[in-house]
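Dear colleague,

I am handing over the structure we spoke about, and below it you will find my notes on what turned up in it. Please read them with the model open beside you.

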Amino acid sequence: MASGSSGPTEDLGTLTDVEPLKRAWRNEKAAPEILRYETHLIYRVSKQIELLEGTVDDFTEDGVDPLMISLYQMDLDRIQFLLRSYLRIRLQKIEKYMFHLLLKKQEFHEKLSKEEKAFVQRCAEDMKKHLDESVLSHLPKNYQSILKQFTTVEEDDAEVDDMVPEPPLDTFVVCIAREYVGPSEFQDSSDSLAMDLPLEMEPGDLSFIPYRRIKKLLESRKVDLV
């Protein structure tokens, strides 16, 4: 390794965002909707991966103990797996709910990365073109919408787009409190089981609860999904 470069302990210490990345991955995997893209975290992780890849290459060229190289490579493989899985889960949700995201302009711009925005636009355009050419253009005019089952002349513009799948926010999830959560912090729910759900959570408490009720708590990082 070149003179002045950091030693093994310092290099391994660059992987400071493994736990935050695990948390982001778990939350994304368990949430029924796509969450806000972790811009700063993913940027830092990408830089840490680049640094660790350089360290492994340097060690290999300098003939460092193969066991040491193997340990570094294991750390590198672990963080790369987490990053790829996190991004893959998000892409799967984007593909499933792309029209819902496009209709929800504010959420679309707040939750997705620049690359994800371009991806969802391209996916939606390709899907619409494919359906238009293969199916919709051969149906009666009022059945050619990709968003509604059928349209009428008297149709209200505010009518629900019943062909657009939406994330099931009432899905029950398991969450763990990171700090105390009081009764007023749970979102209101019309669920008939609301009276049986927890009214407060202490740090470390686990709850099985509709996602809708803890959505804001997850966004404010007061709870994590399990």
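To begin with one residue: is R178 buried, partly exposed or exposed? R178 is partly exposed, with a relative accessible area of 37%. Please keep in mind throughout that this is a predicted model.

The overall layout comes next. The chain has 8 helices and 3 strands, and from the N terminus on these elements follow one another in the order α-α-α-α-α-α-α-β-β-α-β. The chain has 226 residues, of which 37% count as buried.

Salt bridges

The count of salt bridges comes to 18, and I describe some of them here. R178 forms one with D224, where the closest N and O atoms are 3.6 Å apart. This pair links distant parts of the chain, since R178 sits in the loop between β1 (172–177) and β2 (206–210) while D224 belongs to strand β3, 46 residues apart. In contrast to the partly exposed R178, D224 is buried, with a relative accessible area of 11%, which falls under the 20% limit for a buried residue.

Beyond that pair, salt bridges that share partners join E33, K111, K215, K216 and E219 into one network.

A further salt bridge is made by the side chains of R221 and E38, at 3.2 Å from N to O. Here too distant parts of the chain are linked: R221 is in the loop between α8 (211–219) and β3 (223–225), E38 is in the loop between α2 and α3, and 183 residues separate them. R221 is partly exposed at 44% relative accessible area, whereas E38, at 18%, is buried. R221 deserves a second look for its backbone as well, as it has a positive phi of about 65° although it is not a glycine. For background, most residues other than glycine have a negative phi.

The salt bridge between the side chains of E19 and K22, at 3.4 Å from N to O, is made within one element. Both residues lie in helix α2 (residues 18–30), 3 residues apart, which is about one turn of the helix. E19 counts as partly exposed at 45% relative accessibility, and K22 is likewise partly exposed, with a relative accessible area of 23%.

Surface patches

What kind of charge gathers in the patch made by E53, D57, D58, E61 and D62? These residues form a patch of negative charge on the surface. One of them, E61, lies in helix α3 (residues 39–61), and because its relative accessible area is 66%, above the 50% limit, E61 counts as exposed.

There is also a nonpolar surface patch of about 350 Å², made by V135, L139, Y143 and F150. Among them, F150 lies in the loop between α7 (114–134) and β1, and F150 is partly exposed, with a relative accessible area of 44%.

Aromatic pairs and a contact in space

How many aromatic pairs does the structure hold? The structure holds 3 of them. Y37 and Y86 form one that is tilted, with 6.5 Å from centre to centre and 35° between the planes. Y37 lies in the loop between α2 and α3 and Y86 in helix α4 (residues 66–96), so the pair ties together parts that are 49 residues apart in sequence. Both Y37 and Y86 are buried.

Finally, V173 and I214 may be worth finding on the model, for they are 41 residues apart in sequence and 9.3 Å apart in space, taken from C-alpha to C-alpha. V173 is in strand β1 and is buried, with a relative accessible area of 6%.

To draw the long-range links together, R178 with D224, R221 with E38 and Y37 with Y86 are the pairs described above that bring together separate parts of the chain.

With best wishes

Technical notes. Residues are numbered from 1 along each chain as its sequence is written. This is a predicted model: local features need pLDDT of at least 70, side-chain atom pairs count only at pLDDT 80 or more; totals for chains, interfaces and linings use all residues. Side-chain values use heavy atoms; hydrogens and water are left out. Patches are made of residues with over 30% relative accessible area and no salt bridge: like charges are joined within 9 Å, nonpolar side chains (Val, Leu, Ile, Met, Phe, Trp, Tyr) within 5 Å. Accessible areas come from the Shrake-Rupley method with a 1.4 Å probe; for residues, only the protein chains shown count as cover. A salt bridge is a side-chain nitrogen of Lys or Arg within 4 Å of a carboxyl oxygen of Asp or Glu. Lys and Arg count as positive and Asp and Glu as negative; His and the chain ends are not counted. The place of a charge is taken as NZ of Lys, CZ of Arg, CG of Asp or CD of Glu. Helices (H or I, at least four residues) and strands (E, at least two) are DSSP runs, numbered from the N terminus. Buried means under 20% relative accessible area, exposed over 50%, partly exposed in between (1.4 Å probe, protein chains only). Rings of Phe, Tyr and Trp (its six-membered ring) pair if their centres lie within 6.5 Å; planes under 30 degrees apart count as stacked, over 60 as edge-to-face and the rest as tilted.
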